[in-house]
2 protein chains.
Amino acid sequence: MTITAPAKSARDRVGSVLGPTWPDGTANVFSSACPSRTVLDHITSKWGVLIIVALADDTLRWGELRRTIDGISEKMLAQTLRVLENDQLVLRTVHGTIPPRVDYRLTDLGRDLCEKLIPLLGWVSQNAAAIVSTPRGNA
Amino acid sequence: MTITAPAKSARDRVGSVLGPTWPDGTANVFSSACPSRTVLDHITSKWGVLIIVALADDTLRWGELRRTIDGISEKMLAQTLRVLENDQLVLRTVHGTIPPRVDYRLTDLGRDLCEKLIPLLGWVSQNAAAIVSTPRGNA
DNA sequence: CTGTATCCTTTCAGATACTG
DNA sequence: CAGTATCTGAAAGGATACAG
């Protein structure tokens, strides 16, 4: 292995764990121009994680998603679903029936991502109460 | 195990994977009032993930963090660090020297979280290029 | 070097009303 | 049922200047 760039602590070390996003290694997630930044923003948008995880096991209908994810507005549900669908993480199926029925489910890509998300959300669920219960000026 | 609530597909199934945040099981991450929502918002804030992962291996100084995380403003770095510190994920150490030196490193809690974040960021790094390169009206 | 304070712009997000 | 359109207020975020 040839090392050309100067070793720069975290950036390179974590970079080697994550791997560069571009084959030439010019960009990783710490670079502002990196596409992984865009995707990360989509996923970590206010509702992205919750929608994906809600679809972990099931195909859900629009109304089911809306009821499952407490507090989401129709606007944000539609908006986030569109982004997720465009990222090929969620698949939208329209049944040409009256009344209309639309199903949402994860793509293979989405399911793959979901498996990374579940442990994260599990950790948050377990530790959230402890974190929030020590508010020293918390937002 | 006593089941009192009607089984509601994803909400309960994923809920059983994640576990309830409150011991009485009244709230999980899908509930808007759940504290895990707050913590999740902190972590998935625009810069939260990046800061935590940047500190994965190293203690970093303010300036190092600023240079590592490309594109972050001083304001957002300070703001996000304060939230993370308050959540007991990041530890701030002030050395009383001139010129001033301040170190940031992960707490045990933060390191634990970081281990859930690395696989996620790794996945994003590997798949981002493919996702972004198929823009059918992408934002 | 490590931040704060201020101003300003952009984006997010909810409420409401409406459509096929 | 499954959305869209529009409006409005709140919040996030960035640039710049300044302070200890």
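Which sugar or linking oxygen contact does P100(A) make with DNA strand D, and through what kind of atom? A polar backbone atom of P100(A) is 3.3 Å from a sugar or linking oxygen of that strand. The legends below take this contact and others in turn.

**Before you look.** This is a predicted model, in which local features need pLDDT of at least 70, side-chain atom pairs count only at pLDDT 80 or more, and totals for chains, interfaces and linings use all residues. Residues are numbered from 1 along each chain as its sequence is written, chains are lettered from A and ligands numbered from 1 in the order in which they are written, and side-chain values use heavy atoms, with hydrogens and water left out.

**View 1. The protein surface near DNA strand D.** Here 20 residues surround DNA strand D, and R61(A), R92(A), Y104(A), K46(B) and K75(B) come nearest; a residue is near a strand if one of its heavy atoms lies within 4 Å of it. Sugar or phosphate accounts for 61% of the strand's atoms within 4 Å of the protein, and bases for the rest. By class, this surface has nine nonpolar, two polar and nine charged residues (Ala, Val, Leu, Ile, Met, Phe, Trp, Tyr, Cys and Pro count as nonpolar, Asp, Glu, Lys and Arg as charged, and the others, Gly among them, as polar). At least two residues each come from α4 (62–68), α5 and β3 (101–106) of chain A and from α5 of chain B; helices (H or I, at least four residues) and strands (E, at least two) are DSSP runs numbered from the N terminus. The most comes from α5(A), with four residues.

**View 2. Polar contacts with the backbone of DNA strand D.** A polar contact is a pair of N or O atoms within 3.5 Å; within protein, one must be able to donate a hydrogen and the other to accept it, and residues adjacent in sequence count only if both atoms are side-chain atoms. Look for R92(A), where a side-chain N or O atom is 2.5 Å from a phosphate oxygen of DNA strand D. Y104(A) also reaches a phosphate oxygen of this strand, with a polar side-chain atom at 2.6 Å.

**View 3. The protein surface near DNA strand C.** Around DNA strand C there are 18 residues, with K46(A), K75(A), R61(B), R92(B) and Y104(B) coming nearest. Of the strand's atoms within 4 Å of the protein, 64% belong to sugar or phosphate and the rest to bases. The surface is made of nine nonpolar, two polar and seven charged residues. Chain A's α5 (74–86) and chain B's α4 (62–68), α5 (74–86) and β3 (101–106) each supply at least two of them, and the largest share, four residues, is from α5(B).

**View 4. Polar contacts with DNA strand C.** Which part of DNA strand C does the side chain of E74(B) approach? A polar side-chain atom of E74(B) lies 3.1 Å from a base oxygen. G63(B) uses a polar backbone atom instead, 3.1 Å from a phosphate oxygen. The side chain of R92(B) places an N or O atom 2.3 Å from a phosphate oxygen.

**View 5. Lysine over tryptophan in both chains.** In chain A, the charged end of K46(A) sits over the ring of W47(A), 5.3 Å from its centre. In chain B, K46(B) lies over the face of W47(B), at 5.3 Å from the ring centre. A charge sits over a ring if NZ of Lys or CZ of Arg is within 6 Å of the ring centre and within 35 degrees of the ring normal.

**View 6. The largest cavity.** Its volume is about 40 Å³. A cavity is a set of points, on a 1 Å grid over the protein atoms alone, where a 1.4 Å probe fits but cannot get out, and lining residues have an atom within 4 Å of a point; grid points are joined across faces, edges and corners, and a volume is the space filled by probe spheres set on the points. The lining includes K46(A), W47(A), L40(B) and D41(B). The most comes from α3(A), with three residues.

**View 7. Cis peptide bonds before proline.** I98(A) and P99(A) are joined by a cis peptide bond, with omega about 0 degrees, and P99(A) lies in the loop between β2 (90–95) and β3 of chain A. A cis bond also joins I98(B) and P99(B).

Note on methods: 1 Å grid on protein atoms, 1.4 Å probe; cavity = no way out; pocket = protein on both sides within 12 Å on 5 of 7 lines; lining within 4 Å.
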